[in-house]
Each structure stands twice: as C-alpha cells, then as structure tokens.
Amino acid sequence: TEETTNQTDQASAPEKIHVAFCLDNNYAECTGVAAYSLCKNMAPEDEVVIHIVMSEPLQLRHRKKFQELEQMFAPKVKIRIYDSEKYLEQLMTRFKNNLVIRNWPISKLARIVLPELLPSSLDKVISLDADVLILSSLRDLWNRLPHEDHFIAGVIRCFYAERDYDPESESKHGLLPWLRETQLGLRPSFDIHISVIVWDLRKICQTRHLINETIDFMFRYGPPLLAQDTISLVFRDHILPCGEEWNHRTHYAIFEKPSIQTDFADILHCTARPKPWKIKPHEVVKIRRKAIMSYLTLRPPTIWHRYRQESPWRCSVRSRFWELFATPEDRKLFKPIFIGIAATLALTTSVSLYYLGRFFF
C-alpha cells in the first residue's frame with residue numbers, strides 16, 4: 001500500500017523545469033541575478049534545475065556564489081555547471097574553434113547546440129538570456145511543448161507580409177530584404193526573439209540535421225544573418241508562437257517601477273543601454289539624476305539592482321565607493337566635488353592657522 005501511494009505521489013508531482021543559461025565570465029553576475037529572480041518567483045510546487053553552460057572555465061568566486069544560491073533555495077533548486085574540458089572542447093569543435101563568429105561570442109551561440117551538451121535524458125529546456133528578470137513561475141511557458149510538430153516555442157519579434165518582398169523597397173534593415181538580395185528563396189512568416197526559447201530536445205535530436213543546418217547558415221552567410229535570424233529560418237515551419245508577456249522588452253523608465261510590469265509581464269527583458277550591471281555613477285545621473293544618492297547608499301535605482309542586493313552577488317558600500325573611480329567618466333563627474341572639498345579644507349586650515357598664530361604670537 002505504501003509503495004502504491006509513493007508511486008501515485010510521484011506520478012502526480014509536477015515535472016521539473018529545466019532552464020539553461022549560456023555565458024562566459026563577463027555575464028556571470030547578471031546571469032546569477034536572473035537565476036535568483038527565477039528562484040524567488042517560482043511557484044511553491046515548482047522544482048527547477050538551472051544549467052549553466054560556459055564557454056570558458058567559470059571563475060571560482062562566481063562558482064561559490066552559484067553554490068550559495070543553490071543552498072538558499074534547496075532542495076527545490078539544483079544548479080549544474082558545464083565548464084569541464086570535455087564540454088568546452090565539444091563546444092569549440094562544433095563551432096570550428098572560432099571564439100567569435102561575426103562579433104557574436106560562442107557563449108551567445110551555444111544554445112544552438114544545447115541538445116548535444118545537455119544530458120540525453122532531458123526532453124526539453126528553456127534557454128534564457130542573461131539580461132532578463134523572471135517575475136513569475138515558468139510553468140505555463142514550460143507546458144507549451146510538446147505540441148504537435150513544433151520543435152521550439154518563442155516570442156514573435158515581427159511578422160512579415162508579402163509587401164516586405166517588394167523589390168523596389170529601399171529598406172536595408174531586417175532579415176527579409178537581405179534574403180531577397182541574396183536570393184535564398186526562403187519565406188519565413190515571422191521572426192522570433194532568441195532571448196527566451198523553449199526547446200523540444202527530443203524532437204530536435206531526432207532531426208539532428210536542423211542543428212547542422214543552423215551552424216552551416218551562420219558560417220556560410222554574412223550579416224545581418226545572426227543567431228535569431230538563423231533559427232527563424234531553419235525552424236520556420238516548427239515554431240510555436242508565445243505571448244509577449246514571456247519576453248517583455250523594456251527601458252529604464254519602466255524598469256525602475258516593478259509595480260507596472262508585474263501586471264502584464266512574466267519575463268522582463270532589459271534592452272536598454274547601458275545594461276543594468278554596467279551602470280556607473282555618471283550613467284545613473286543620465287538615467288535619473290536624483291538616483292545618484294540611491295546608488296551610493298545601496299538603495300537600488302532599478303528593479304534589477306533590487307534583485308542583485310538580495311542575491312549572493314550583492315554589493316557592499318566599499319565596493320560601490322571604489323566604483324566611483326572606475327572609469328574616466330566617473331572621475332570626471334566627481335572631480336569638481338573633490339576639488340571643492342579640497343579647497344574648503346585648505347581654506348579652513350589656513351584660516352585656523354592664521355587665528356592660532358594671532359592668538360599665540
């Protein structure tokens with residue numbers, strides 16, 4: 001009876017959600033913040049496995065922080081890091097030992113070969129960019145696949161109509177004008193964002209030629225055919241569209257007000273420049289002039305900074321102080337302030353010495 005009850009509980013338990021991030025050490029911090037937002041906002045019944053696919057060995061300080069993050073949400077969260085020599089060699093060999101393909105680092109392209117890197121026992125995975133915040137459970141997005149003959153699910157970037165193929169068009173931007181000029185004869189009906197994609201690994205592994213075709217396209221043709229354009233072309237007949245709430249692109253004016261997006265966005269994608277993790281004092285002033293004291297006193301100027309302060313990647317006052325002198329722009333911003341302080345101290349000292357001299361002599 002107990003065995004039957006355990007089997008019934010296992011059958012009724014929700015399926016684990018597998019999420020993959022592809023990165024190098026430059027994106028370890030922002031990936032950690034995105035992973036923390038995923039763990040914090042997951043449903044109580046969710047169990048998440050986070051796959052960290054590296055294009056280089058992960059630095060020890062970031063490895064410790066990922067371990068701390070796993071401990072914070074254990075046993076509901078497991079974090080697996082793929083940076084052994086075996087995986088790195090396999091990844092580099094797949095992309096013909098090129099570290100960069102047309103200004104795109106291998107870390108951004110590794111998601112194309114996820115079916116080969118991740119364990120063969122996985123049926124599907126959600127790949128995410130580093131510059132996202134997950135504001136709710138990914139269960140609904142996870143359940144989009146499997147679905148009929150669709151191999152991937154993603155958010156539509158734009159739809160293409162017949163008029164986009166007008167040979168008289170002067171537009172040189174976008175995928176379709178380039179396809180028309182190079183006479184590939186391909187007709188995708190829409191383009192998807194690569195930042196949030198659900199992969200049906202089982203179906204893709206059964207049709208492995210799609211992965212080879214995707215990589216061949218990237219090596220064969222020049223700009224503007226990049227990763228998301230290539231995926232839109234190769235998988236054009238096997239894409240399941242998802243709602244924009246799963247990839248809500250935003251800028252700082254909205255990014256600062258979390259109460260606005262939580263009503264209609266499940267995944268927040270920061271497309272603004274500079275990226276949140278690269279914000280410096282002079283850039284805080286450009287974004288919101290009254291935020292400079294918030295920046296220095298660790299009051300988060302954006303929702304991303306709020307999540308970072310709650311995560312293992314939190315900043316200290318000391319580290320924030322040293323950021324004041326990190327770049328020439330920072331030093332230029334604070335130079336008048338320090339000159340004023342130095343002038344005030346010099347004047348105060350000279351006046352004090354003058355009156356002390358008058359008093360004693």
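## Briefing: a β-α-β unit, a buried strand and a pocket

Strand β1, helix α2 (residues 28-40) and strand β2 form a β-α-β unit, and this one is right-handed. Right-handed here means that, with the strands pointing away from you, the path from the first strand over the helix to the second runs clockwise. Helices (H or I, at least four residues) and strands (E, at least two) are DSSP runs numbered from the N terminus.

Heads-up: this is a predicted model, where local features need pLDDT of at least 70 and side-chain atom pairs count only at pLDDT 80 or more, while totals for chains, interfaces and linings use all residues. Residues are numbered from 1 along each chain as its sequence is written, and side-chain values use heavy atoms, with hydrogens and water left out.

**Strand β1 and its partners**

- Strand β1 covers residues 17-23, and seven of the seven are buried, so the rest of the structure largely encloses this strand. For the record, buried means under 20% relative accessible area, exposed means over 50%, and partly exposed is in between (1.4 Å probe, protein chains only).
- Both faces of β1 are covered: I17, V19, F21 and L23 are buried on one side, and H18, A20 and C22 on the other.
- β1 runs parallel to β2 (residues 48-54), with seven bridges joining them; two strands pair if DSSP finds at least two bridges between them.
- Within that pairing, I17 sits opposite V48 of β2.
- Strand β6 (residues 124-128) also pairs with β1 in the parallel sense, over three bridges. Here V19 of β1 faces I126 of β6.

**Cysteines**

- How many disulfides does the structure hold? Zero, with a disulfide taken as a pair of cysteine sulfur atoms within 2.5 Å.
- C22 is buried at 12% relative accessible area, and C30 is buried too, at 1%.

**The largest pocket**

- The largest pocket has a volume of about 660 Å³. The elements giving two or more residues to its lining are β1, α5 (106-109), β9 (190-200) and α11 (227-234).
- The lining of the largest pocket counts 29 residues, and K108, D129, D131, R273 and K275 are the ones nearest the centre.
- By chemistry, the lining residues split into 12 nonpolar, seven polar and 10 charged. Nonpolar covers Ala, Val, Leu, Ile, Met, Phe, Trp, Tyr, Cys and Pro; charged covers Asp, Glu, Lys and Arg; the others, Gly among them, count as polar.
- On method: a 1 Å grid over the protein atoms alone is used, and a pocket is an open set of points where a 1.4 Å probe fits, with protein on both sides within 12 Å along at least five of seven lines; lining residues have an atom within 4 Å of a point. Points are joined across faces, edges and corners, and the volume is the space filled by probe spheres set on them.

**Backbone oddities**

- As background, most residues other than glycine have a negative phi, and most peptide bonds are trans.
- The peptide bond from A74 to P75 is cis, with omega near 0°; P75 is in the loop between α3 (60-72) and β3 (77-82).
- The bond from L145 to P146 is cis as well, again with omega near 0°. P146 is in the loop between α7 (139-142) and β8 (152-159).
- E148 is in the loop between α7 and β8 and has a positive phi of about 50°, although it is not a glycine. Buried or exposed? E148 is exposed, at 63% relative accessible area.

**Helix α16**

- Helix α16 (residues 303-310) is mostly covered, with six of its eight residues buried.
- The buried residues of α16 are I303, W304, H305, Y307, R308 and Q309.

**Contacts across the chain (C-alpha to C-alpha)**

- P105 belongs to strand β5 (residues 104-105) and is partly exposed at 25%. The C-alpha atoms of P105 and L23 are 9.1 Å apart, with their positions 82 residues apart along the chain.
- R236, in the loop between α11 and β10 (239-242), counts as partly exposed at 28% relative accessibility. R236 and H150 are 86 residues apart along the chain, and their C-alpha atoms are separated by 9.7 Å.
- I215 is part of helix α10 (residues 209-220) and is buried at 2%. From I215 to V234, the C-alpha separation is 9.9 Å for 19 residues in sequence.
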